[in-house]
Amino acid sequence: MAEQVCEQPPVSAAHAENEHFTYDIVSAPATKFQGNSLEVYPKGRTRIGLRRSGEVFSHVPPQAKVHNLVLGRTWVDSYGSFLVTNTASGDKVALEFKPCGWFGAGQHEFDGHVVDAEGNAKFAMSGKWNSHVDMCACNPDGTPAADAPLRRLWTCAAKPEEDHYGCTHFAWHLNSTKYLSRPPLASDSRRRADRQALQERKMTEAAAAKQAIDTQQQEQHKELQQRGEQWQARWFEPAPDMQVLPGEEPAEVVPLWRWNGRYSSTRDSMPAGSDDWPEGVMGQGFAISQRLALEQ
């Protein structure tokens, strides 16, 4: 579940969980337009909690740059430091993403180490972030251990067929109702007509639907102002008591928000719908207003 919790400056929060882990992120990115490219500074706070051990991992991503926004083929480069910290033990994964050089030199490549709390390297890691991740045991100074076998930890799955947007299988699953047991709420983005039109590559229809949603948002703001009310996030709440962990951005840069847990109970209280509801959900019945969403 993801929700934009602040409009200006734009801040979003997301939460996911299963029987093994919890995943929470607050995203407050900053951007810099540079003529034909856009530099993205992914200011955020990502935490992954393991239910069995109780460990919490903090993740800081590298920067990104979108090239050829105006002319040429648009492509994305990620570069800089990638850090994952076990907040209980102090162990870290410290990787360096290499910027793409002339003629594609170093594109997508990264390397780094898994180190313990004392800074001793335990494993060397390398690969390409769009292709694979390899690991091998190493000496405390970071050099590969003699005769250490190279182990492939991850291989990127082939992209879905007939995908025109560079989405993964997981992204397409998020845009479907295949795994839902109940119809999504009226405020669920799967009901957005513009998103559905884009998926079907109906660009003119998508632009018109997006304009209609923008108009609804403006009308909602006017209604709130007339009533003297402020817009409130529904599924997340401010968390001023939350501790900022080492390596994370300060609260002044990335505000503190937490998942309030009310989504599941609200969803489960909605009518189950007819047996054929999945066919009538995608791109249908979206409501921008929280009041209208609750009524539906």
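## Exercises on a predicted model

Lys-98 and Glu-109 form a salt bridge in which the closest N and O atoms are 3.8 Å apart. The model is a predicted one. The exercises below start from this pair and move on to other contacts.

### Exercise 1. The Lys-98 salt bridge

Task: state where Lys-98 and Glu-109 sit in the chain, and decide for each whether the residue is buried or exposed, or lies in between.

Solution.

Step 1. Lys-98 belongs to the loop between strand E10 (92-97) and strand E11 (109-115), while Glu-109 is in strand E11. The two residues are eleven residues apart, and the pair links distant parts of the chain.

Step 2. Partly exposed covers the range between the buried limit of under 20% and the exposed limit of over 50% relative accessible area. Lys-98 has 33% and is therefore partly exposed. Glu-109, at 29%, is partly exposed.

Step 3. The cut-off for a salt bridge is 4 Å between nitrogen and carboxyl oxygen. The closest N and O atoms of Lys-98 and Glu-109 are 3.8 Å apart, so the pair counts. Side chains of opposite charge can pair when their charged atoms come close.

### Exercise 2. Other salt bridges

Task: give the total number of salt bridges, then describe the one between Arg-152 and Asp-134 and the one between Arg-227 and Glu-229.

Solution.

Step 1. The count is 14 salt bridges.

Step 2. Arg-152 and Asp-134 meet through their side chains at 2.7 Å, N to O. This pair links distant parts of the chain: Arg-152 is in strand E14 (residues 151-155) and Asp-134 in strand E13 (residues 132-137), 18 residues apart.

Step 3. Arg-152 is partly exposed at 47% relative accessibility, whereas Asp-134 is buried at 7%.

Step 4. In the salt bridge between Arg-227 and Glu-229, the closest N and O atoms are 3.3 Å apart. Arg-227 is partly exposed at 47%, and Glu-229 is partly exposed at 40%.

Step 5. Arg-45, Arg-47 and Glu-248 are joined into one network by salt bridges that share partners.

### Exercise 3. Cysteines

Task: find how many disulfides the model has, and explain why Cys-167 is not bonded to Cys-156.

Solution.

Step 1. The count of disulfides is zero. Cys-156 is in no disulfide, and the nearest cysteine sulfur, that of Cys-167, is 13 Å away.

Step 2. A disulfide needs two cysteine sulfur atoms within 2.5 Å. The closest cysteine sulfur to that of Cys-167 is in Cys-156, at 13 Å, which is too far for a bond.

Step 3. Cys-156 is partly exposed, with a relative accessible area of 25%.

### Exercise 4. Strands E1, E2 and E3

Task: describe how E1 pairs with E2 and how E2 pairs with E3.

Solution.

Step 1. Strand E1 (residues 2-6) pairs with strand E2 (residues 11-17) in the antiparallel sense over four bridges. Cys-6 has Val-11 in E2 as its bridge partner. Four residues lie between E1 and E2, which form a hairpin.

Step 2. E2 and strand E3 (residues 21-27) run antiparallel and are joined by six bridges. Ser-12 has Ser-27 in E3 as its bridge partner. E2 and E3 form a hairpin with three residues between them.

### Exercise 5. Aromatic pairs

Task: count the aromatic pairs, then classify the pair Phe-97 and Phe-110 and the pair Phe-236 and Trp-259.

Solution.

Step 1. There are five aromatic pairs.

Step 2. Phe-97 and Phe-110 are 5.4 Å apart centre to centre, with 20° between the planes, and the pair is stacked. Phe-97 lies in strand E10 and Phe-110 in strand E11, so the pair ties together parts that are 13 residues apart in sequence. Both Phe-97 and Phe-110 are buried.

Step 3. Phe-236 and Trp-259 are 5.2 Å apart centre to centre, with 65° between the planes, and the pair is edge-to-face. Phe-236 in strand E15 (residues 236-238) and Trp-259 in strand E16 (residues 257-259) are 23 residues apart. Both Phe-236 and Trp-259 are buried.

Step 4. Trp-235, Phe-236, Trp-259 and Tyr-263 are linked into a cluster by ring pairs.

### Exercise 6. A nonpolar surface patch

Task: name the residues of the nonpolar patch and locate Leu-69.

Solution.

Step 1. The patch on the surface consists of Phe-33, Leu-69, Val-70 and Leu-71, with about 430 Å² of accessible area together.

Step 2. Leu-69 is in the loop between strand E8 (63-67) and strand E9 (75-86). At 39% relative accessibility, Leu-69 is partly exposed.

Notes:
Residues are numbered from 1 along each chain as its sequence is written. This is a predicted model: local features need pLDDT of at least 70, side-chain atom pairs count only at pLDDT 80 or more; totals for chains, interfaces and linings use all residues. Side-chain values use heavy atoms; hydrogens and water are left out. Buried means under 20% relative accessible area, exposed over 50%, partly exposed in between (1.4 Å probe, protein chains only). Two strands pair if DSSP finds at least two bridges between them. Patches are made of residues with over 30% relative accessible area and no salt bridge: like charges are joined within 9 Å, nonpolar side chains (Val, Leu, Ile, Met, Phe, Trp, Tyr) within 5 Å. Accessible areas come from the Shrake-Rupley method with a 1.4 Å probe; for residues, only the protein chains shown count as cover. Rings of Phe, Tyr and Trp (its six-membered ring) pair if their centres lie within 6.5 Å; planes under 30 degrees apart count as stacked, over 60 as edge-to-face and the rest as tilted.
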